[in-house]
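Please read the following account with the sequence and the coordinates side by side. It moves from single helices to the meeting of two domains, and then to charged side chains and one loop.

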Amino acid sequence: MKAVVLAAGEGTRIRPLSGSVPKPMLPVADRPLVAHTVDAAIDAGADEIVLVVGYESETVREFFSATYRGVSVSYAVQTDQNGTADAVNAASEHLDGPFAVLNGDNLYDPAAIAALFDSCPAVCAIEVKDPRNYGVLSTDDGTVVDIVEKPADPPTNLANAGAYAFPERARDWLDVPASERGEHEITDVLARVIDEFAVTPVTTDRWMDVGRPWELLEANEWKLGELDRRIEGEVSDAAQLEGAVVVEEGATVKPGVVVEGPALIRSGATVGPNAYVRGATLLGEDVSVGNAVEIKNSVLSRGTSVSHLSYVGDSVLGRNINFGAGTTVANLRHDDEAVKFTVKGERISTDRRKFGVVAGDGVKTGINTSLTPGLKLDTAATTRPGEVVERDR
Ligand code: TTP
């Protein structure tokens, strides 16, 4: 089966991390987020991948090129991001026969995707406590009979988990009218398929939709948690690596460093001397973590430096950032309430007791900068020495 993977959106809710790459290309463990989607499709037996690209499409094409893991990859361009059905429609010329549709910013359980392919027409479903923010599926006798978007009074607890196996006929139904929010939605295509075919709900235990910055952190917690210990880089005898730690070839861990896994230290990264890395932490390619620095449960993207006397906890740092000596991130509120974060101008709860900062590419902090929980630093933002930063900038 061909798998159409949607990766045309920018990811406005995850700004500023999507400043130079589309959200599907943000790092999750050792790969971009969308590579986990494509891997799940290939592991499930997809014989061709059609990637729908748009925003910063070159980054996606460069990563996958024309063949990925021996499977042919083609590209369809969606010029304006007018919705998920519109995105699949942009790929319609690539389609013949039944086809799957997956979101390039979702993490799936590969076994569920294999079951989805085997059960076409089918949709992945996950039981959630509060389905009011999802598409909610109703089933009867093992078949999906209805889908309703974000209902105030959900008929079931079965949420749409964003993975579809459509019959060939659905190709003719992609041109659905715009929804209330002005987008052409793939769920309206699904509704038509439900009307005309017996659609199987394929339940999955684990699924994640990455929309906001802390969800990127949680995606990393998931995938770093699956790592097996592997030490290929240069590690000092005086360093201590505990548990599932991966040190890639070309990475260096200096004396006095303690790393508690799961942690991934990518090629070109240097850690220490005397640094402490813990929680689920990703240190991307060419990252530098120096003397007396503690990094906890965080993502540091390629080329970022936290070189002296600093603490970074529960944070997501973009590329080529420099944290000056003594930069300290607070990740916990004194009132113990969940940390809030501003998404598209609205202050919302992350539902996390601990959350630090999100910094866009090229941020530079002055020495002894203090950063408060839930802070957003825009691409290339700077702070002065000794500043206490309490407002996004
Ligand atoms: P969304 O997360 O709904 O949209 P987005 O990625 O643009 O993010 P945001 O809402 O924060 O701006 O999209 C789900 C998936 O579908 C995601 O992988 C991007 C993709 N997509 C397209 O390819 N084209 C589109 O027109 C839309 C809306 C989404």
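Which residues are buried in α1? In this predicted model, the buried residues of α1 are L33, V34, A35, H36, T37, V38, D39, A40, A41 and I42. The helix, which spans residues 33-43, is thus mostly covered, with 10 of its 11 residues buried. Just after α1, the backbone of G45 adopts a positive phi of about 105°.

Helix α5, which covers residues 186-196, offers another view of burial, since I186, T187, V189, L190, V193 and I194 are buried there. When one looks down the axis of α5, these buried residues fall within an arc of 150°, and therefore they line one face of the helix. The general background is that an α-helix has 3.6 residues a turn, so residues three or four places apart point the same way. As for what this face meets, the buried residues of α5 pack against helix α3 (84-90) and against the strands β9 (122-127), β10 (135-140), β11 (143-149) and β12 (158-166).

On the scale of the whole chain, the division is into domain 1, residues 2-211, and domain 2, residues 223-389. The C-alpha centres of domain 1 and domain 2 are 31 Å apart, and the contact draws on 13 residues from domain 1 and 21 residues from domain 2. Between them, domain 1 and domain 2 bury about 1,300 Å², and 65% of that area is on carbon and sulfur atoms. On the side of domain 1, the residues that lose the most area to domain 2 are P16, L17 and A29, which together account for 41% of what that side buries. What of polar and charged pairs across this boundary? The count of salt bridges between domain 1 and domain 2 is zero, whereas the count of residue pairs in polar contact, with both residues at pLDDT 80 or more, is three.

Salt bridges do occur elsewhere, for a search of the whole structure finds 28 of them. One of these joins D96 to K2, with the closest N and O atoms 3.5 Å apart. Because D96 lies in the loop between α3 and β7 (99-103) while K2 belongs to strand β1 (residues 2-7), the pair ties together parts that are 94 residues apart in sequence. K2 counts as buried, at 13% relative accessibility.

A salt bridge within a helix is formed by the side chains of E58 and R61, which meet at 3.8 Å, N to O. The two residues are three places apart in helix α2 (residues 57-64), so about one helical turn separates E58 from R61. E58 counts as partly exposed at 47% relative accessibility, and R61 likewise counts as partly exposed, at 29%.

Where do K296 and D314 lie, given that their side chains meet in a salt bridge of 2.8 Å, N to O? The pair links distant parts of the chain, with K296 in strand β26 (residues 294-296) and D314 in the loop between β29 (311-313) and β30 (316-317), 18 residues apart. K296 counts as buried at 13% relative accessibility, and D314 counts as buried at 2%. Salt bridges that share partners also join D30, R31, D39, D43 and R69 into one network.

Both K296 and D314 are touched by K354, along with N331, L332 and V339, when residues up to four places away in sequence are not counted. K354 is found in the loop between β34 (346-349) and β35 (357-359) and is partly exposed, with a relative accessible area of 31%. To place K354 against a distant part of the chain, one may take V71, which is 283 residues away in sequence and 41 Å away in space, C-alpha to C-alpha.

T350 is also found in the loop between β34 and β35. Is T350 buried or exposed? T350 is buried, since its relative accessible area is 3%, and the cut-off for burial is under 20%. A polar atom of the T350 side chain lies 2.7 Å from the backbone oxygen of V339. With residues up to four places away in sequence again left out, T350 touches W214, V339, K340, F341 and F355.

Methods
Residues numbered from 1 in each chain as written. Predicted model: local features only at pLDDT ≥ 70, side-chain atom pairs only at ≥ 80, totals over all residues. Heavy atoms only, no water. Buried < 20%, exposed > 50% of the residue type's maximum accessible area, 1.4 Å probe, protein only. Helix = DSSP H or I, 4+ residues; strand = E, 2+ residues; numbered from the N terminus. Arc of directions from axis to C-beta. Contact = heavy atoms within 4.5 Å. Domains from an automatic or database assignment. Buried area = accessible area lost by both parts, 1.4 Å probe. Salt bridge = Lys/Arg side-chain N within 4 Å of Asp/Glu carboxyl O. Polar contact = N/O pair within 3.5 Å; in protein donor to acceptor, adjacent residues only side chain to side chain.
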